[in-house]
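The following exercises concern a metal site and a pocket. Please work through each task before reading its solution.

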Amino acid sequence: MIQIDAASLTDTGQLRETNEDSLGAFRPANRREMKRKGRLFIVADGMGGHRGGEVASKMAVETIRSYYYSSKEKDPSIALAGAFEKANRLIREKAREDESLLGMGTTCTAMVVLKKKIYFAHVGDSRAYLLRDGKLEQITQDHSLVAEMIRSGVLSREEARSHPQRNVITRSLGAQDSIQIDAPSSPGRIQDGDVFLLCSDGLTNLVSDEEIKSILEGASASEASAQLVDLANERGGADNISVQVVKVQKT
Ligand code: CA
């Protein structure tokens, strides 16, 4: 059996007027569904127009939840990828119907915890981290211009922090008819004491991996969520800040 201590928090930050991030944390009400589908956690960071970002990120969370839990597909990775494709399609349709939403899109990072295994799907520059055995590892790849430049060796991590185009993302839900989704087909195996963090870039632009690690190590899921958001706000809170902390214990 595994026990989960999970908490999430989203905050507008100090400079923005609206919060375009959306969070979802879902668990089926009945045991059979829980055994079949597990728990689902989502972070989405919307963008575009003056209300487009909010609409896109909310649509992503809601579409992925409903698709995932109603899908007959047994493999959670495939179900999640299908859910992302549907969200992409619906966001594009909605933007075509309503001119004020034109160009809206959203990042999306989703995680399923099912029977001691962990599944992911991801597009954009929100992140998932795993803290295991005292080491913090980013387990998603940023789909951003600067991250691609770092991977191809033309930019250093340090330079990326102040790069004028550091906010440009290369993949999102809503941007194009076809999307490339990172949804690894082999699940990760959960170990006792694993801590997962899903977060938007409003956190990671202002709080270092080292700081994230020490907060995740020292606190419950809800305390850690509050401390992460507080720290980003102390640093200026330039963007919306969203976190989901999931601490797993095997019993
Ligand atoms: Ca953001």
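**Exercise 1.** Which helices and strands each supply at least two residues of the lining of the largest pocket?

*Solution.* The model is predicted, with local features requiring pLDDT of at least 70, side-chain atom pairs pLDDT 80 or more, and totals for chains, interfaces and linings using all residues. Residues are numbered from 1 along each chain as its sequence is written, and side-chain values use heavy atoms, without hydrogens and water.

Step 1. Helices (H or I, at least four residues) and strands (E, at least two) are DSSP runs numbered from the N terminus. The elements sought are β3, α4 (145-151), α5 (157-161) and α6.

Step 2. The lining comprises 35 residues, and R127, D142, R166, T204 and N205 lie nearest the centre of the largest pocket.

Step 3. By class, this lining has eight nonpolar, 13 polar and 14 charged residues.

**Exercise 2.** State which residues coordinate the calcium ion, and how they are placed.

*Solution.* Step 1. Donors are N, O and S atoms within 2.8 Å of the metal (3.2 Å for Na, K and Ca); water is not among the atoms, so sites may look incomplete. The calcium ion is coordinated by two OD entries of D45, together with D201 (OD) and D239 (OD), at 2.3 to 3.1 Å.

Step 2. The sequence spacing of these donor residues is D-x155-D-x37-D. Because D45 belongs to strand β3 (residues 39-47) and D201 to helix α6 (residues 201-204), the pair ties together parts 156 residues apart in sequence.

Step 3. Buried means under 20% relative accessible area (1.4 Å probe, protein chains only), exposed over 50%, and partly exposed in between. D45 is buried at 9%, and D201 is buried at 7%.

How values were computed: On a 1 Å grid over the protein atoms alone, a cavity is a set of points where a 1.4 Å probe fits but cannot get out, and a pocket is an open set with protein on both sides within 12 Å along at least five of seven lines; lining residues have an atom within 4 Å of a point. Ala, Val, Leu, Ile, Met, Phe, Trp, Tyr, Cys and Pro count as nonpolar, Asp, Glu, Lys and Arg as charged, and the others, Gly among them, as polar.
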